[in-house]
There are 2 protein chains.
Amino acid sequence: MSETSTHLLVPTGRGQRGACLGPDGSAAQVMRVIRMVQGRWRMPIIFRLYADSPVRTLQLKRDLQGVSLKVLTQHLRELAKHGLIERTDFGEKPLRVEYRLSEMGRGLVPILRAAKDFSLRYPA
Amino acid sequence: MSETSTHLLVPTGRGQRGACLGPDGSAAQVMRVIRMVQGRWRMPIIFRLYADSPVRTLQLKRDLQGVSLKVLTQHLRELAKHGLIERTDFGEKPLRVEYRLSEMGRGLVPILRAAKDFSLRYPA
DNA sequence: CCGTATCCCAATAGATACTG
DNA sequence: CAGTATCTATTGGGATACGG
């Protein structure tokens, strides 16, 4: 196909510069991931669940230190909606709800490790 | 140090579950990267510069299609402030400003590739 | 050509009070 | 215990107009 070297995002051809990030929609695919994990408490939640889960709600709140229950619940709901975590409601009394990282959530690990490496290699 | 298995984030010890993401501050390091790249037009800008740079301002605006000059400039300033891109102002008339991905900006590539892989492996 | 200044709207998140 | 309801402050980004 034609010479698209200066055109929108990355050209479709393989082997040239930029090809390893893929054809056009790559930015959108990356943005999707960013939207899933962005938010004041999402990384703390994900790391906490990764270190040890399942965890009950109030234990999570205590460990995150500083988050309100409202905001924590909002984030947990969003994370569960996107499939990164799983919510288990035992229909007990007193109430008992647990959260755990899903298989998809564990799939984030390579991204997080790459991001952490980047932060270490390029300090603020 | 006591048994921290259920404690804050990831325990300091090596070799257990969670250790591959590192000790405590990892969430903050990842959040730093997220803050640098989050924003409506940052991924499109980064991918565009990665595909071909340097690029002049209005060419970038045309390629991004839909962004206003104000918002584009805001993002470019922030990206430059964090060191991900470089801004070159040739003191010419008519005005001529170019943006290019920095070495640090290219350091994002492993993260972006991991994020793209994740999106493909776990579609919406 | 490359911005900045203003105004506006929606989304985020903190504080606080209430509920099954 | 595990939420929801309100209210508020701040931020991000779009539209538009103006300026060097």
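A residue is taken as near a strand if one of its heavy atoms lies within 4 Å of it. By this criterion, in the predicted model, 19 residues surround DNA strand C. The closest are A:Arg40, A:Lys70, A:Leu95, B:Leu69 and B:Arg87. Both chains are thus represented among the closest residues.

The surface near DNA strand C was then broken down by residue class. Eight of its residues are nonpolar, seven are charged and four are polar. Several secondary-structure elements each supply at least two residues. From chain A, this applies to helix H4 (69-81). From chain B, it applies to helix H3 (57-64), helix H4 (69-81) and strand S3 (96-101). H4(B) gives the largest share, with four residues.

On the DNA side, sugar or phosphate accounts for 66% of the strand C atoms within 4 Å of the protein. Bases make up the rest. Arginine side chains of chain B approach the backbone of the strand. B:Arg87, one of the closest residues, places a side-chain N or O atom 2.4 Å from a phosphate oxygen. For B:Arg77, a polar side-chain atom lies 3.1 Å from a phosphate oxygen. The side chain of B:Arg56 has an N or O atom 3.3 Å from a sugar or linking oxygen.

Apart from the DNA, the protein interior was examined. Nonpolar side chains tend to be buried together in soluble globular proteins. Here the largest nonpolar core has 70 residues. A:Met43 and B:Met43 have the most contacts inside this core. Beyond its neighbours within four places in sequence, B:Met43 is in contact with A:Ala27, A:Val30, A:Met31 and A:Ile34 of chain A. In chain B, B:Met43 is in contact with B:Val37 and B:Leu112.

Technical notes:
Residues numbered from 1 in each chain as written. Chains lettered and ligands numbered in written order. Predicted model: local features only at pLDDT ≥ 70, side-chain atom pairs only at ≥ 80, totals over all residues. Heavy atoms only, no water. Polar contact = N/O pair within 3.5 Å; in protein donor to acceptor, adjacent residues only side chain to side chain. Nonpolar A, V, L, I, M, F, W, Y, C, P; charged D, E, K, R; others polar. Core = buried A, V, L, I, M, F, W, Y, C linked by side-chain atoms within 4.5 Å. Buried < 20%, exposed > 50% of the residue type's maximum accessible area, 1.4 Å probe, protein only. Contact = heavy atoms within 4.5 Å.
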